[in-house]
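Got your viewer open and a free hand on the mouse? Let's take a short walk, one selection at a time.

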Amino acid sequence: MIHIYYGMGKGKTSSAVGAGMRACGAGKKVLLIQFLKDCNSSELKVLPFDIFKAPDNLSFNPDESYREWVDNALSYVKRSDADFIILDEFIDIIGDFITVSDAVKLIKSISAEAVLTGHKNFDELTEIADYVTYFEKIKHPYDKGVKARMGIEY
């Protein structure tokens, strides 16, 4: 089954990680890869998942070294024996680091349950997904200039 959690609202990663914890609690092996995020998310310190970590020097203006990391991460997904795979912010790398067509091929090739998150979505992904959930922001402290807080937003 394929899950897509997308939109501008808070909670996509939390929902994906929660689903992964449920799978883990049921004895399933979980893989988490976070794209376009650095290694500072607090959950990475405690999750009982296989985590393919981003480079320590991640730039939010990714360059060719990040492209190489993405290629390695996607190869890792293809080789994984996980039962449940979370590709956090994966949808947001489509267009810059992987084509929609290649993203669809990758997702179709995964035999595990897969959760994809991101801010946008593509019709081609919706078509192959079993679950699609849209997160809409109504109000957020960021709108008042409040920076992301450790333990809450990351």
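Before you click anything, one term: a residue is called buried when its relative accessible area is under 20%, and exposed when that value is over 50%. Keep in mind, too, that what you're looking at is a predicted model.

**Stop 1: the whole chain.** Show everything as a cartoon. You'll find 4 helices and 6 strands, and if you follow the sequence from start to end they come in the order β-α-β-β-α-β-α-β-α-β. Turn the chain around: its C-alpha trace spans about 45 × 40 × 30 Å along the principal axes. The radius of gyration is 15 Å, which agrees with the value near 15 Å for a compact globule of 154 residues. Of those 154 residues, 46% are buried. Now for the contacts with a separation of 6 or more: 72% of them link residues 24 or more positions apart.

**Stop 2: strand E2.** Select residues 30–34, which make up E2. How many of the residues of E2 are buried? The count is 5 of 5, so by the under-20% cut-off this strand is mostly covered. Look at one side and you'll see Val 30, Leu 32 and Gln 34; flip to the other and there are Leu 31 and Ile 33, with both faces covered.

**Stop 3: the neighbours of E2.** Add residues 84–88, which are strand E4; 5 bridges join E4 to E2, and the two run parallel. To see one pairing, pick Leu 32, whose bridge partner in E4 is Ile 86. Next add strand E3, residues 50–52. E3 also runs parallel to E2, joined by 3 bridges. Here, pick Ile 33 and look for its bridge partner in E3, Phe 52.

**Stop 4: the hidden hole.** Rolling a probe the size of a water molecule over the atoms shows where empty space is left. A search of the whole structure turns up 1 cavity of 30 Å³ or more, with a volume of about 40 Å³. Which residues line this cavity? Select Leu 32, Ile 33, Gln 34, Asp 38, Cys 39, Leu 44, Ile 51, Phe 52, Lys 53 and Ala 54 to show them as sticks. Colour them by type and you get 7 nonpolar, 1 polar and 2 charged.

Some of these names should ring a bell. E2 and E3 each supply at least two lining residues, and E2 gives the largest share, with 3.

Terms used. Residues numbered from 1 in each chain as written. Predicted model: local features only at pLDDT ≥ 70, side-chain atom pairs only at ≥ 80, totals over all residues. Heavy atoms only, no water. 1 Å grid on protein atoms, 1.4 Å probe; cavity = no way out; pocket = protein on both sides within 12 Å on 5 of 7 lines; lining within 4 Å. Points joined across faces, edges and corners; volume = space filled by probe spheres on them. Nonpolar A, V, L, I, M, F, W, Y, C, P; charged D, E, K, R; others polar. Buried < 20%, exposed > 50% of the residue type's maximum accessible area, 1.4 Å probe, protein only. Pairing = 2+ DSSP bridges. Rg over C-alpha atoms; globule rule 2.2 N^0.38 Å. Contact = heavy atoms within 4.5 Å.
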